[in-house]
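This report describes a two-part reading of the structure shown below, beginning with the chains and ending with the contact between them. The model is a predicted one.

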Amino acid sequence: MSLFLPKLDTKKEVDQAIKTVEDKVLVLRFGRDTDSVCMQLDEIISKTFADLANMSKIYLVDVDKVPVYTDYFDISLIPSTVFFFNGQHMKVDYGTQDHTKFIGTFKDKQDFIDLVEVIYRGAMRGKLVVASPIDPKKLTHYDLVYQDI
Amino acid sequence: MDDDFYCHVCHRSDERGRKHVYTKKHKERVNAALRKFEAKMQPAKQCVLSGPTILKCDPPEVVDKFWCPFCLAEVKKHERLGQIIAHFKSWAEHLCSEEHHKRVHEFFWTNKLDMKKRDKYKLNQEKLESLEDKSKKNLDKFTEDSLQAIKEEASRIREVEKRRSVLQAGSSAQSKPGSEIDSFDSELCSLEGDGKRIPASVTIVGGRAIHHSNPVRNTVNPHPYDGSTRYHPGREMNSSNANIVQNKIRHDTLSSSTPHTMRHDWNLSSEERNISHGPPPWAGTSYKDLCDTPGPSVMGVTDSSSYRPVRQVYRTDNRLSPESSNSSHTNIQRDQRASTSSSRLSVVNQDKASSSVSSGPGSFQPEIDPLLKVKTARVISSGGLTVISRKKSNLRGNVHTGSVPPWLQEEGGSHDDTPTVVIGPTAEDLQKHLENERKRKLNPKRVGANFDHSSETPDEWLPSFGRVWNHGPRWRSRKQYKKEVDGKLKKGNR
């Protein structure tokens, strides 16, 4: 599954991906290949990869390999999925605390497809913040304590 | 009964019967019809006043009849006497006729119009007689005038004829077979009166001699063997648009000495012509002869009935296949023996073979291929255009000889140029262009529309990431992050 999905190993590669993907949603999954939840997410990604090929580009990023981005994106739970569009970060309101990334996995493929599509549509219309179509009950409930707010 | 009512003005039947004439629409139509009719009255009145004008031929009109709404009939406009037409005579006659008057009266009565205005739509009957007289007078005058014109024309032609005969009589003693062309040429040279001495070209197409001012262009190629232009009987010109000069004319000029009438399209005044030389080649032939007897001497000429100012191309077709060229050469040999060679025409084919052959008439050297040497030697007359001088670089041959074109030739000099000069857009450019086209169709307000994808970023670049803020722009997150990083480093250093 995750064997066949494209991966980014260095900061440069991630930069490259962010900068060069044009007019498509850039999906960066931050996690580890060996983690079980990440594996579930990878499964879903691999199944929907072809369907979303016109709308998005999906990459897997290992959190251990790019600590800069792990810090910058403030990733503390994996898998975390960050969305970009034309070099711009897309925020999505999932009904949770963190709008900057999607934490956890999806219950089914359709959720993921819907989410990517909603982000794509919003971005095409010029919106930087989009409302998530996924039912909050299906999402992983987590709790984080933030510092310096 | 009322169903039978049909109004010819409105072109419809009306169930109301006679009450139809009181309707608004009908009245409008009647007025319109009367107005139109008044317009038609005009030429008739003119005709009656001063008599019908006599015309030589049909006037340019689509229909030669007028519709009379009173009589409900088409009436011819003009009266025809053979070819001649009396303009609007029949129409005027109709308007004077009693029948028409009656109908006008009826029309006014049925349509409840003002009876006093009837006179506008008819002409007096007395005028009929006067019309006849006047028309006769006009006709007589017309015939007189035309006769006069014919007489004048005839006298003019006779004059020209006389001059010609004088000329021919005067110069018939001097004319030689060989100098035919000299005289021809000089005649042509002198005939153009604008001081440039551009020889006018003469073309004989379909039996009519055309003298016009288009000069002979470069491609005049004379006979390859003696450098003179000859009219070759029985030689078919293979090049398209070849205008073939008739040999018959030449022979005629030699044989006949009596002048014939000749119709010209040009003005040859005797002052312009150099009378000391021989007459032009066509002088001995009559125009009629040329027209009526195309004969076997006209070879391959399209019979055109219009005067086409075509340039004369004295061209011997050099593109013949070797076999046919051989046969034509033998033909030429035969002709050559028949004629003497001195020619003053200065267009010379730089055909080395020809020069060698001309030196020895009758000898034929098959080794030197005459095809290699076809090119323009000199320009006699440029016709006002700029003449280009070309240096002798005819080594490789040219279009006429069918050599390899320069763009297909392998040259040593091309290696100096840049190796592959791409002309036009490359495949990448095309792809880029297509991409741009696609992007133009996207929403310009989309996120990151003006994001520069191709700019170089340093290693420390971080994307715009909106951290978990409640307020503040996203670039703050970057700054914040950098601050944190620096803070950590400093802490680490400490």
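## Overall build of chain A

Read from its N terminus, chain A runs through the pattern β-α-β-α-β-α-β-β-β-α-β, and in this predicted model the chain comprises four helices and seven strands. Of its 149 residues, 51% count as buried. Where contacts in chain A link residues at least 6 apart in sequence, 74% of them join residues at least 24 apart.

## Strand pairing and the hairpin in chain A

Strand S4 (residues 80–85) and strand S5 (residues 88–93) of chain A pair in the antiparallel sense over three bridges, and within this pairing Phe83(A) stands opposite Met90(A) of S5(A). On the sequence side that precedes S4(A), Pro79(A) is placed in the loop between helix H3 (67–72) and S4 of chain A, and the peptide bond that leads into Pro79(A) from Ile78(A) is cis, with omega near -5°. Strand S5(A) also pairs with strand S7 (residues 129–131) of chain A, in this case running parallel and again through three bridges; here Val92(A) has Val130(A) of S7(A) as its bridge partner.

The hairpin formed by S4(A) and S5(A) has two residues between its strands, and in this hairpin Asn86(A) takes a positive phi near 55°, although Asn86(A) is not a glycine. Asn86(A) belongs to the loop between S4 and S5 of chain A. Is this loop residue buried or exposed? Asn86(A) has a relative accessible area of 2%, and because of this value it counts as buried. The contacts of Phe451(B), taken up below, include Asn86(A).

## The sheet of chain B and the loop that follows S7

In chain B, three strands form an open sheet in the order S3-S7-S6, with antiparallel pairing. The edge positions are taken by strand S3 (54–55) and strand S6 (79–81) of chain B, each of which pairs on one side only. Strand S6(B) is joined to strand S7 (residues 84–86) of chain B by three bridges, the two strands running antiparallel, and among the residues involved Glu79(B) has Ala86(B) in S7(B) as its bridge partner.

The loop between S7 and helix H2 (89–96) of chain B holds His87(B), and Phe88(B) lies in the loop between S7 and H2 of chain B as well. His87(B) is 34 residues away from Thr53(B) in sequence, yet their C-alpha atoms are 5.4 Å apart in space. Leaving aside neighbours within four places in sequence, His87(B) is in contact with Cys47(B), Pro52(B), Thr53(B), Leu55(B), Pro59(B) and His78(B). As for Phe88(B), this residue has a positive phi of about 65° although it is not a glycine, and its relative accessible area of 14% is why Phe88(B) counts as buried.

## The interface between the chains

How many residues of each chain take part in the contact between chain B and chain A? On the side of chain B there are 29 residues, and they are in contact with 35 residues of chain A. The area buried between the two chains is about 2800 Å², and carbon and sulfur atoms give 55% of that area. The rule finds four salt bridges across the interface, one of which is formed by Lys439(B) with Glu22(A), with the closest N and O atoms 3.0 Å apart. Polar contacts between chain B and chain A number 17 residue pairs, counted where both residues have pLDDT 80 or more. Within chain B, helix H11 (residues 475–493) gives the most to the side that touches chain A, with four residues, and by class this side of chain B has 10 nonpolar, nine polar and 10 charged residues.

A single residue of chain B illustrates these contacts at closer range. Phe451(B) is found in the loop between helix H10 (427–441) and H11 of chain B, and, once neighbours within four places in sequence are set aside, Phe451(B) is in contact with Ile18(A), Lys19(A), Asn86(A) and Gly87(A). Phe451(B) is partly exposed, with a relative accessible area of 23%, whereas its contact partner Asn86(A) is buried, at 2%.

Notes: Residues are numbered from 1 along each chain as its sequence is written. Chains are lettered from A and ligands numbered from 1 in the order in which they are written. This is a predicted model: local features need pLDDT of at least 70, side-chain atom pairs count only at pLDDT 80 or more; totals for chains, interfaces and linings use all residues. Side-chain values use heavy atoms; hydrogens and water are left out. Two strands pair if DSSP finds at least two bridges between them. Contact means heavy atoms within 4.5 Å. Buried area is the accessible area (1.4 Å probe) that two parts lose on being put together, summed over both. A salt bridge is a side-chain nitrogen of Lys or Arg within 4 Å of a carboxyl oxygen of Asp or Glu. A polar contact is a pair of N or O atoms within 3.5 Å; within protein, one must be able to donate a hydrogen and the other to accept it, and residues adjacent in sequence count only if both atoms are side-chain atoms. Ala, Val, Leu, Ile, Met, Phe, Trp, Tyr, Cys and Pro count as nonpolar, Asp, Glu, Lys and Arg as charged, and the others, Gly among them, as polar. Buried means under 20% relative accessible area, exposed over 50%, partly exposed in between (1.4 Å probe, protein chains only).
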